[in-house]
Amino acid sequence: MYAIHKFLLDTMKQKNLSKKDVALRLGYKNISKGIRRIDEFIQEGTLNENIIKNLHIALDESVSKVLEKLEETKQQIAEEIKKQEEEKIRVKEEKRKNFKPFLYCVTEQKIPQPIFVAAISESYLLKKVSLPDNFNELSPKQKLDAMRNAISQHYEYIHNRWGGIVPAYGKILAYTLVPTFEYNEEDLPVYTPQGELIEQPPRFYQEIELGVAGVSIGKKIDLTKIFKNVEMIVEKIGG
């Protein structure tokens, strides 16, 4: 819980103020709506500008006290942003360390339809075709042979198991080589299901999309936006 939210709860408790009392002091004519906004403010950690701007009135506290708690909140959010960035770097480095060359299976549908089929069956895993760990150390001919062998096995498996259709993704159109962790999509070579290089592939053949698009766990919060909102509110109140 951020400092500004804790400040509201602690002050309400100290002064024996109910949510109804606070809603009235905040200027809400519709008390039920006011209480809902207060609940959202506390439980979801939102930064409702109307509530914060009038918090000194609602709690009978000084504007400077509210600004103090907002500054503390800014510091808390800044620390969270820092930790998020550090985690992104750590995850990226981990992925780079564990990266192995692969072929991306290009299908009729980039985003699975229906999406729950891909999620339940994990058919999205079929979009990534493994290559030998030492792929980048092979000679050009050995690389081509390894790719064609991987393509042939994968294509035959999909054909025998599902009649050539990747569940929720549709027919296989091509295979795109992803040889390194960091790459420029436009430079990725694309091959037919028969293992032949496509000289000028459609651009979407090179757009790598692994996993089940549209399915996420938890609520994503843009901390940078929240931080900027706090700065804006501080400027309005302090100015």
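Tyr-157 is partly exposed in this predicted model, its relative accessible area being 39%. The residue sits in helix H8, which spans residues 140-162. Together with Trp-162 and Ile-165, Tyr-157 makes a nonpolar surface patch of about 260 Å². Because patch members must have over 30% relative accessible area, the 39% of Tyr-157 meets that condition.

**Strands around S4**

Ile-165 also belongs to strand S3, which covers residues 165-166. S3 pairs with strand S4 in the antiparallel sense, over two bridges. Within this pairing, Val-166 stands opposite Gly-170 of S4. The two strands form a hairpin with three residues between them. In the turn, Ala-168 has a positive phi of about 75°.

S4 itself runs over residues 170-178 and is mostly covered, with seven of its nine residues buried. Strand S1, residues 102-107, pairs with S4 in the antiparallel sense over six bridges. In that pairing, Val-106 of S1 has Ala-174 as its bridge partner in S4. S4 also pairs with strand S5, residues 190-191, again antiparallel and over two bridges. There, Thr-176 stands opposite Val-190 of S5. In a regular strand, side chains alternate between the two faces of the sheet.

**Nonpolar cores**

In soluble globular proteins, nonpolar side chains tend to be buried together. The largest nonpolar core of this model has 31 residues. Ile-4, Leu-8, Val-22, Ile-52, Leu-55, Leu-70 and Ile-77 touch the most other members of this core. Two or more residues come from each of the helices H1 (3-14), H2 (19-25), H3 (31-43), H4 (49-53), H5 (55-59), H6 (63-98) and H9 (223-238). Among these helices, H9 gives the most, with six residues.

Leu-8 illustrates how the packing is spread along the sequence. Leaving aside neighbours within four places in sequence, Leu-8 is in contact with Val-22, Ile-38, Phe-41, Ile-42, Leu-55 and Leu-59. Apart from this core lies another, of 20 residues. Its members include Leu-126, Leu-138, Met-147 and Ala-168. Ala-168 is thus both a member of this second core and the turn residue with positive phi in the S3-S4 hairpin.

**Salt bridges**

The structure holds 19 salt bridges. Three pairs are listed here, with the distance between the closest N and O atoms or from N to O.

| Pair | Distance |
|---|---|
| Asp-10 and Lys-6 | 2.7 Å |
| Arg-37 and Glu-40 | 3.3 Å |
| Lys-236 and Glu-49 | 2.8 Å |

Asp-10 and Lys-6 are four residues apart in helix H1, so about one helical turn separates them. Asp-10 is partly exposed at 31% relative accessibility, and Lys-6 is partly exposed as well, with a relative accessible area of 45%.

Arg-37 and Glu-40 lie three residues apart in helix H3, so about one helical turn lies between them. Arg-37 is partly exposed with a relative accessible area of 24%, and Glu-40 is partly exposed with 31%.

The salt bridge between Lys-236 and Glu-49 joins two helices: Lys-236 lies in H9 and Glu-49 in H4, so the pair ties together parts that are 187 residues apart in sequence. Lys-236 counts as partly exposed at 46% relative accessibility, as does Glu-49 at 24%. Both of these helices also give two or more residues to the 31-residue core.

Some charged side chains are linked beyond single pairs. Lys-92, Glu-93, Arg-96 and Glu-182 are linked in a network of salt bridges.

**A long separation**

Asn-134 is located in the loop between strand S2 (128-130) and H8. With a relative accessible area of 35%, Asn-134 is partly exposed. Asn-134 and Lys-236 are 102 residues apart in sequence, and their C-alpha atoms are 59 Å apart in space. The loop holding Asn-134 leads to H8, the helix in which Tyr-157 is placed, while Lys-236 belongs to H9.

Notes
Residues are numbered from 1 along each chain as its sequence is written. This is a predicted model: local features need pLDDT of at least 70, side-chain atom pairs count only at pLDDT 80 or more; totals for chains, interfaces and linings use all residues. Side-chain values use heavy atoms; hydrogens and water are left out. Patches are made of residues with over 30% relative accessible area and no salt bridge: like charges are joined within 9 Å, nonpolar side chains (Val, Leu, Ile, Met, Phe, Trp, Tyr) within 5 Å. Accessible areas come from the Shrake-Rupley method with a 1.4 Å probe; for residues, only the protein chains shown count as cover. A salt bridge is a side-chain nitrogen of Lys or Arg within 4 Å of a carboxyl oxygen of Asp or Glu. Buried means under 20% relative accessible area, exposed over 50%, partly exposed in between (1.4 Å probe, protein chains only). Two strands pair if DSSP finds at least two bridges between them. A nonpolar core is a set of buried Ala, Val, Leu, Ile, Met, Phe, Trp, Tyr and Cys residues joined through side-chain atoms within 4.5 Å. Contact means heavy atoms within 4.5 Å.
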